[in-house]
Amino acid sequence: MLTGVDHIPHTHLPEKNAFTRGQPEHGAELADELERLVTLHDASTIAAVIVEPVAGSTGVILPPKGYLERLREICDKHGILLIFDEVITGFGRLGAPFATDFFGVKPDLVTLAKGLTSGTIPMGGVVCSKGIYDAFMSGPDNMIELFHGYTYSGHPVAAAAALATLDCYKEDGLFERANEIAPYWEEAVHSLKDVPHVVDLRNLGLIGAIELEPIPGKPTARAYEAFLKCYEKGLMIRTTGDIIALSPPLIVEKSHIDQIFDTLRTVLKEVA
Ligand SMILES: Cc1ncc(COP(=O)(O)O)c(C=O)c1O
């Protein structure tokens, strides 16, 4: 049996989409690259396509309008499962419970972690469609279904933390809150447009990205300097290459958002 992983292109098109507010207009056609891979490998050899609905650690790459819908269509056409990695986008990050709700695209499997316990205790999970669940659960009675056992699987403390976290999300209306404050967040992100070194600004829900022009011959140096200077001023940012990724807690207040962007504005004027 041949096994392997192939890749479809990312959807970062700064020449067409720079400074877009929310979902970019251009790039849905990049999903058609999946058709090329199906022709190359044959659909019967492709078990699944896995994507982050909004790619996080790679530098906050947003899905262009229609892109995820097109992936779903192609997967359906060829009987390929679609998996959303919602470790970052899940639990309110986009102002909806999950990215699948936000984009209105239904995958076959969803992976979860981080927000599941709000990071208080390690826990990950997978949600799947009924068909997949039944396939695993319809074996002989004397066999253990989905036979894999980790020492800490289904740990009661992690499960208790997850249940308590879900209660907090519901009682405090945190997903709705994220949705309400997202327009203020968008304004704040795009207020950095004329700040030195900024070549792109992106936002969706409570996610933001500031892309800096790299120093020639010294990629990542500018963003790293910004990271250190922000840290000294009490602001924790994350950088990937020369991209600053922002993902504030769902309880963030408008005054915190002002503080975050005042600090960033000051720092970006100071960096080399
Ligand atoms: C999108 C995404 N998927 C998966 C993971 C891994 O999550 P965990 O270490 O909780 O399994 C991460 C971790 O940062 C992530 O950002």
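**Ligand site, sheet and local backbone features**

An oxygen atom of the ligand lies 2.7 Å from an N or O atom in the side chain of Lys114. The model is a predicted one. A second polar approach involves Asp85: an N or O atom in the Asp85 side chain is 2.6 Å from a nitrogen atom of the ligand. The residues around the ligand are Glu52, Ser57, Asp85, Val87, Ile88, Ala113 and Lys114. Taken alone, the ligand exposes 400 Å². The protein buries 51% of that area.

Leu112 belongs to strand S3, which covers residues 109–112. Its relative accessible area is 9%. Leu112 is therefore classed as buried, since this value falls under the 20% cut-off. Leaving aside residues up to four places away in sequence, Leu112 touches Glu86, Val87, Phe91, Phe98, Met123, Gly124, Gly125 and Val127. One of these contacts, Val87, is also among the residues around the ligand. Gly90 is 22 residues from Leu112 along the chain, and the C-alpha atoms of the two are separated by 6.8 Å.

Phe91, one of the residues touched by Leu112, has an unusual backbone setting. Most residues other than glycine have a negative phi. Phe91 is not a glycine, yet its phi is positive, near 60°. Phe91 sits in the loop between strand S2 (81–85) and helix H4 (99–103). With 7% relative accessibility, Phe91 counts as buried.

Asp42 also carries a positive phi, of about 80°, and is not a glycine. Asp42 is placed in the loop between helix H2 (33–41) and strand S1 (48–51). Its relative accessible area is 42%, so Asp42 is partly exposed. Phe91, by contrast, is buried.

An open sheet of 4 strands follows the order S5-S6-S8-S7, with antiparallel pairing. Strand S5 (198–204) and S7 form the edges, each pairing on one side only. Direction ignored, neighbouring strands of this sheet are turned by 20° against each other on average. Helix H9 (residues 254–270) packs on the sheet and touches S5, S6 and S8. The direction of H9 makes about 170° with that of S8.

The pairings can be followed across the sheet. S5 and S6 run antiparallel and are joined by 6 bridges. Within this pair, Leu201 has Ile210 in S6 as its bridge partner. Strand S6 (residues 207–212) pairs in turn with S8, in the antiparallel sense, over 4 bridges. Here Ala209 stands opposite Ala245 in S8. Strand S7 (residues 238–240) and S8 are antiparallel too, with 3 bridges between them. Thr240 has Ile243 in S8 as its bridge partner. S7 and S8 form a hairpin with 2 residues between them. Gly241, in the turn, has a positive phi of about 55°.

The side chains of strand S8 (residues 243–246) divide by direction. Ile243 and Ala245 point one way from the strand, whereas Ile244 and Leu246 point the other way. All four are buried. Two of these residues also appear in the bridges described above: Ile243 is the partner of Thr240, and Ala245 stands opposite Ala209.

Definitions and conventions. Residues are numbered from 1 along each chain as its sequence is written. This is a predicted model: local features need pLDDT of at least 70, side-chain atom pairs count only at pLDDT 80 or more; totals for chains, interfaces and linings use all residues. Side-chain values use heavy atoms; hydrogens and water are left out. Buried means under 20% relative accessible area, exposed over 50%, partly exposed in between (1.4 Å probe, protein chains only). Two strands pair if DSSP finds at least two bridges between them. Axes are lines fitted to C-alpha atoms, for helices over the stretch in contact, and angles run from 0 to 180 degrees between N-to-C directions. Contact means heavy atoms within 4.5 Å. A residue is near a molecule or strand if one of its heavy atoms lies within 4 Å of it. A polar contact is a pair of N or O atoms within 3.5 Å; within protein, one must be able to donate a hydrogen and the other to accept it, and residues adjacent in sequence count only if both atoms are side-chain atoms. Accessible areas come from the Shrake-Rupley method with a 1.4 Å probe; for residues, only the protein chains shown count as cover.
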